[in-house]
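User: I would like a close look at one buried position in this model and at what lies around it. Please give the cut-offs behind each term as you go.

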Amino acid sequence: MKTDKKRKKITVLGGGTGTFVVLSGLKRYDDLSLSVIVSMTDSGGSTGKLRDQLGVLPPGDLRQCLLALSEASMNWRKLFLYRFDSGDLKGHNFGNIFLAALEKICFSYDEVVNFASILLKTKGEVIPVTKDKTHLVAYYENGKVVEREGLIDENKGEKSKIKKLSLKPNVFALKKAVETIKKSDFLVIGPGDLYTSIIPVLLPIGIVEAVKCFQGKIIYIMNLMTKAGQTYNYKASDHLRDLEKYLKRKIDIILINNEKINQKILNIYQKYDEIKVVNDLEKDRYKIIETDLLDNREFKKDSSDILYRSILRHDSNKLARVLIKIFYA
């Protein structure tokens, strides 16, 4: 879809399902120059096993972003989404194994990303935030310390707030990621798990410095629901407070869904101590856009997937239409 206006440089920061949804909608617009800077700290499920057993970089979030921007045939996309449901490979995703194998035969990780991008005909650049191996460490207000993204993500019974998130070891961001941020017109952050998908992208050395130099607008897409163990009972203002602490600058525009969520879905989330994010933002402090951004379907995960997955998502087309209006206002 063409907008017949000056080509805008848009960079999305994140990983996981939320970033997949945003990219899937934006790739329909031909006049956008799209990039995504991908979190590289995943350590759960198939990705975690491949990291531990093969010593590779985490392929999961990278694979999702490549697929979101892919214009390859449906069979290629189905192949990269396929998850084995039996045997020694049970729970593993084919795309993750493919990227891990590529890493073993390629001379550099740039070659891995370039090869996969060509194969999947991606409409935009997929940029790992770092090529150095690292893990997340979460420090909670009650004194608990949890290391590795997968364990932080699965720490669902924790009601204490995360007071600090860091990397072990500290790593440098890719120069390409830093330069891409500086040259963008807009940065789009979220939706996604605050402490395992979004903030991890900001932690490699160089990213926050690039954000400080960034002259454009930062758009944050507010999550629909809280996340047990990460944002327990958080309101919208709590999400903004924590995110801005790591960004070290103010968010310019916030998108918030105002469409009613199906009560059946809310009841399911309530079992996990997760609730709808309440909008308590002060309108004189932020530019807030409240509109229908909801895909009210109940998403079912693959039976072979061992991880807990969100069953409620933003609608990629609704999000894209609102974002395009902002880009070309």
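The answer should start from H314 and then move outward to the cores, a pocket and the backbone.

Analyst: This is a predicted model, in which local features need pLDDT of at least 70 and side-chain atom pairs count only at pLDDT 80 or more, while totals for chains, interfaces and linings use all residues. Residues are numbered from 1 along each chain as its sequence is written, and side-chain values use heavy atoms, with hydrogens and water left out.

H314 belongs to strand β12 (residues 313-314); helices (H or I, at least four residues) and strands (E, at least two) are DSSP runs, numbered from the N terminus. With a relative accessible area of 6%, H314 is buried, a term that means under 20% relative accessible area, whereas exposed means over 50% and partly exposed covers what is in between (1.4 Å probe, protein chains only). Leaving aside neighbours within four places in sequence, H314 is in contact (heavy atoms within 4.5 Å) with V21, P191, I221, M222, N223, L224, L293, D295 and L319. With one of these residues, M222, there is also a polar link, since the side chain of H314 reaches the backbone oxygen of M222 at 3.2 Å. A polar contact is a pair of N or O atoms within 3.5 Å; within protein, one must be able to donate a hydrogen and the other to accept it, and residues adjacent in sequence count only if both atoms are side-chain atoms. H314 and I256 are 58 residues apart in sequence, yet their C-alpha atoms are 10 Å apart in space.

Another contact of H314, P191, lies in the loop between β7 (186-189) and α9 (194-202), and the peptide bond that leads to P191 from G190 is cis, with omega near -5 degrees. The bond from K168 to P169 is also cis, with omega near -5 degrees, and P169 is placed in the loop between β6 and α8 (175-183). Most peptide bonds are trans.

The largest nonpolar core has 92 residues, and those with the most contacts inside it are L26, L243, L255 and F327; such a core is a set of buried Ala, Val, Leu, Ile, Met, Phe, Trp, Tyr and Cys residues joined through side-chain atoms within 4.5 Å. Helix α13 (residues 316-327) gives the most to this core, with seven residues. F327 is in contact, beyond its neighbours within four places in sequence, with K8, I10, L26, L32, F186, V188 and I219. A second, separate core of eight residues includes I265, Y269, L294 and I311.

Burial also marks helix α3 (residues 60-68), where nine of the nine residues are buried, so the helix is largely enclosed by the rest of the structure. Among these buried residues are D61, R63 and Q64.

Two loop residues stand out in their backbone angles. K121, found in the loop between α6 (109-120) and β3 (125-128), has a positive phi of about 50 degrees although it is not a glycine, and at 53% relative accessibility K121 counts as exposed. N233, in the loop between β8 (217-221) and α11 (236-247), likewise is not a glycine and has a positive phi of about 60 degrees, but at 43% relative accessibility N233 counts as partly exposed.
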